[in-house]
Amino acid sequence: ASAALLAALPYLSTSPEQLRAARAAVARAPEPPEPPAASTVFLSVHRGLHRQIRAYLLGLLSARLGDAGAAARYASALDTMSGPGAEAGSLPRDLAAGIRAESAMRAGRPAEALALLAASRRERWYELATASPFFAQSRERFVQAEALAALGRDPEAAELYRSFTGEGSPFDLTYSAPAALRLGAIAERAGRREEAADHYARVLEAWADADGELQPILREARKGLERVKREP
């Protein structure tokens, strides 16, 4: 699941070959054993949810590949699934909305993606969001911010991007540097050069030792910092 989520990160330009390999790996992965009911939340957070998570990952990777038909089928399957108990909240419906929103963004329909994500209920026990990237919904919130920015709604987008730079779920950390990059761009568009420079510098500091696939983010931040420092 972790490898599939990494391949589907919305701010990475993952190759079709990598996405197809990740989708195949999820499709052939065996069903993991259920943990004992008395396990801690970190061990039992996905108890009874493996079918839902598999459908979400397959749908998300299909959407990233532009396979809208397969993505829609997995989203529809999630609509018919329920959680193992009240603690799962609205997770299956929220995951289905995440798949559909990704398809909409890939097709250049940010308004549709925004409507889907804004309607998500995101009902869950807070502690589950600290133990699971699926309950945290970090990816969906980032895509929602991307849709707002694509529609020119920078103040609303900035509010969501700032949610990744605070003390939320630990799964938000994956998005903190890309969110800072977007905040730098928003501040730059508004003519707030010093603020933009601070955001760009934060990206460069946070990901100074980043792996190769993250280097495009660093290059973009470096260019932005040079640009706002150069402008009169």
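**Group meeting: helix packing and selected residues in a predicted model**

At 5% relative accessibility, S90 counts as buried, and that residue is where I should like to begin. Before going further, I should state that the structure shown above is a predicted model. S90 sits in the loop that connects α5, residues 68-79, with α6, residues 91-106. Its side chain forms a polar contact of 2.7 Å with the side chain of D94.

Let me now place that loop in the chain as a whole. The secondary structure amounts to 14 helices and 0 strands. Read from the N terminus, the order of elements is therefore α-α-α-α-α-α-α-α-α-α-α-α-α-α. The chain has 232 residues, and 48% of them are buried. Of the contacts with a sequence separation of 6 or more, 62% are between residues 24 or more positions apart.

I turn next to the packing of the helices. Two packed helices are described by the angle between their axes and the distance between the axes. I shall take three pairs in turn.

The opening pair is α4 and α6. Their axes cross at roughly 5 degrees and come within 8 Å. Angles under 35 degrees count as roughly parallel, and α4 and α6 are therefore roughly parallel to each other. On the α4 side, the contact is made by Q52, A55, Y56, G59, L60, A63 and R64. On the α6 side, the participants are P92, L95, G98, I99, E102, S103 and R106. By class, this contact of α4 with α6 divides into 7 nonpolar, 4 polar and 3 charged residues.

One residue of this contact deserves a separate comment, namely Y56. Is Y56 buried or exposed? With a relative accessible area of 2%, Y56 is buried. It belongs to helix α4, which covers residues 50-64. Leaving out residues up to four places away in sequence, Y56 touches L5, L78, L95, I99, F134, R139 and E140. With one of these, E140, the side chain of Y56 makes a side-chain polar contact of 2.6 Å. I would also note Y74, which is 18 residues from Y56 along the chain, while the C-alpha atoms of the two are separated by 6.8 Å.

The next pair is α10 and α11, but let me pause at the loop that precedes α10. Q137 is located between α9, residues 133-136, and α10. Which backbone angle of Q137 calls for comment? Although Q137 is not a glycine, its phi is positive, at about 60 degrees. Q137 is also buried, its relative accessible area being 2%.

Helix α10 itself spans residues 138-150, and it packs against α11 at an angle of about 160 degrees, with the axes 8 Å apart. Angles over 145 degrees count as roughly antiparallel, and α10 and α11 are therefore roughly antiparallel to each other. The crossing of α10 past α11 is left-handed. From α10, the contact involves R141, F142, Q144, A145, E146, L148 and A149. From α11, it involves D154, E156, A157, L160 and Y161. The classes in this contact of α10 with α11 are 7 nonpolar, 1 polar and 4 charged residues.

Helix α11, residues 154-162, also packs with α12, where the axes come within 9 Å and cross at roughly 150 degrees. That angle makes α11 roughly antiparallel to α12. Here too the crossing is left-handed. D154, A157, A158, Y161 and R162 of α11 meet A179, R182, L183, I186 and R189 of α12. How many polar residues does the contact of α11 with α12 have? There are no polar residues in it, against 6 nonpolar and 4 charged.

Within helix α12, residues 173-189, I would single out S176. A polar atom of its side chain lies 2.9 Å from the backbone oxygen of L173. Apart from its neighbours within four places in sequence, S176 is in contact with F164 and T165.

I close with a residue further along the chain. A208 is in the loop between α13, residues 193-206, and α14, residues 215-230. Its relative accessibility is 52%, and A208 therefore counts as exposed. Between the C-alpha atoms of A208 and L218, which are 10 residues apart along the chain, the separation is 8.1 Å.

Key. Residues are numbered from 1 along each chain as its sequence is written. This is a predicted model: local features need pLDDT of at least 70, side-chain atom pairs count only at pLDDT 80 or more; totals for chains, interfaces and linings use all residues. Side-chain values use heavy atoms; hydrogens and water are left out. Helices (H or I, at least four residues) and strands (E, at least two) are DSSP runs, numbered from the N terminus. A polar contact is a pair of N or O atoms within 3.5 Å; within protein, one must be able to donate a hydrogen and the other to accept it, and residues adjacent in sequence count only if both atoms are side-chain atoms. Contact means heavy atoms within 4.5 Å. Axes are lines fitted to C-alpha atoms, for helices over the stretch in contact, and angles run from 0 to 180 degrees between N-to-C directions. Angles under 35 degrees count as roughly parallel, over 145 as roughly antiparallel, 65 to 115 as roughly perpendicular and the rest as oblique. A crossing is left-handed if the near helix is turned anticlockwise from the far one by less than a right angle, and right-handed if clockwise. Ala, Val, Leu, Ile, Met, Phe, Trp, Tyr, Cys and Pro count as nonpolar, Asp, Glu, Lys and Arg as charged, and the others, Gly among them, as polar. Buried means under 20% relative accessible area, exposed over 50%, partly exposed in between (1.4 Å probe, protein chains only).
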